[in-house]
Amino acid sequence: MNLKQFSTYPDITKSCSGVYGIISLSTPNIYLGSSNDILSRMKTHRRQLRKGNHHCKYLQNAWNKYGEGNFRFILIEEITPLYKGEKFDKIRLFRFEQNYIDLLL
């Protein structure tokens, strides 16, 4: 799997559980994450990036350099929760996320 394949993934438009990405249209970089509520998590990322206090300094620097319009928030894989918010679902989501990270290395 390469980063160009992610350009065909859909933008995040609904609340769901799964793996998401923040892709830069100006560089070959992607930030991967997972969440039980991707839409809410996307809003948190966007708010932190706009304020300049995102925890990922590389993403924040790229956001500052290229601007908000050069980023897409994409849904990589929707994952149906099995345990209704319990920590088992978080562990399961992390495993899916890690699989995508491993594919890109």
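The exercises below work through the fold, cores and selected residues of a predicted model.

**Exercise 1. State how the helices and strands are ordered along the chain.**

Solution.
- Step 1: The chain contains three helices and three strands.
- Step 2: Following the sequence, these elements come in the pattern β-β-α-α-β-α.

**Exercise 2. Decide whether the radius of gyration agrees with that of a compact globule.**

Solution.
- Step 1: For 105 residues, a compact globule would have a radius of gyration near 13 Å.
- Step 2: The chain has 14 Å, which agrees with that value.
- Step 3: For the outline, take the principal axes: along them the C-alpha atoms fill a box of roughly 40 × 30 × 25 Å.
- Step 4: Of contacts between residues at least 6 apart in sequence, 60% join residues at least 24 apart.

**Exercise 3. Describe the surface and the charges of the chain.**

Solution.
- Step 1: The accessible surface is about 6600 Å², and carbon and sulfur atoms account for 51% of it.
- Step 2: Buried residues form 39% of the 105 residues.
- Step 3: There are 16 positive and 9 negative side chains. The centres of these two sets are 7 Å apart.

**Exercise 4. Find which residues of the largest nonpolar core touch the most other members, and which elements supply at least two residues each.**

Solution.
- Step 1: The core has 15 residues, and those touching the most other members are I12, I22, Y31, I38, L59, F71 and F73.
- Step 2: At least two core residues come from each of β1 (18–24), α1 (38–51), α2 (57–66) and β3 (71–78).
- Step 3: Another core, with 11 residues, lies apart from this one; Y9, I30, L32 and L93 are among its members.
- Step 4: Take Y31 from the largest core as an example. Beyond its neighbours within four places in sequence, Y31 contacts Y20, G21, I22, R41, H45, H54, H55, C56 and L59.

**Exercise 5. Classify M42 as buried or exposed, and list its contacts beyond four places in sequence.**

Solution.
- Step 1: M42 belongs to helix α1.
- Step 2: The relative accessibility of M42 is 8%. Buried means under 20%, so M42 counts as buried.
- Step 3: Without neighbours within four places in sequence, the contacts of M42 are I12 and F73.
- Step 4: M42 and F73 are 31 residues apart along the chain, yet their C-alpha atoms are separated by 7.1 Å.

**Exercise 6. Do the same for Q60.**

Solution.
- Step 1: Q60 is part of helix α2.
- Step 2: Its relative accessible area is 4%, so Q60 is buried.
- Step 3: Not counting residues up to four places away in sequence, Q60 touches Q48, L49, G52, N53 and H54.
- Step 4: L49 is 11 residues from Q60 in sequence, and the C-alpha distance between the two is 6.0 Å.

**Exercise 7. Classify L32 and L104 by their accessibility, and place each in its element.**

Solution.
- Step 1: L32 sits in strand β2 (residues 30–35), whereas L104 is in helix α3 (residues 87–104).
- Step 2: L32 has 12% relative accessibility and therefore counts as buried.
- Step 3: L104 has a relative accessible area of 26%, so L104 is partly exposed.
- Step 4: With residues up to four places away in sequence left out, L32 touches Y20, G21, I76, E97, Y100, I101 and L104.
- Step 5: From C-alpha to C-alpha, L32 and Y100 are 8.0 Å apart, with their positions 68 residues apart in sequence counted as separation. L104 and I30 are 74 residues apart in sequence and 9.7 Å apart in space, again C-alpha to C-alpha.

Note on methods
Residues numbered from 1 in each chain as written. Predicted model: local features only at pLDDT ≥ 70, side-chain atom pairs only at ≥ 80, totals over all residues. Heavy atoms only, no water. Core = buried A, V, L, I, M, F, W, Y, C linked by side-chain atoms within 4.5 Å. Buried < 20%, exposed > 50% of the residue type's maximum accessible area, 1.4 Å probe, protein only. Helix = DSSP H or I, 4+ residues; strand = E, 2+ residues; numbered from the N terminus. Contact = heavy atoms within 4.5 Å. Rg over C-alpha atoms; globule rule 2.2 N^0.38 Å. Areas by Shrake-Rupley, 256 points an atom, 1.4 Å probe, with all protein chains shown as cover. Lys, Arg positive; Asp, Glu negative; His and termini not counted. Charge placed at Lys NZ, Arg CZ, Asp CG, Glu CD.
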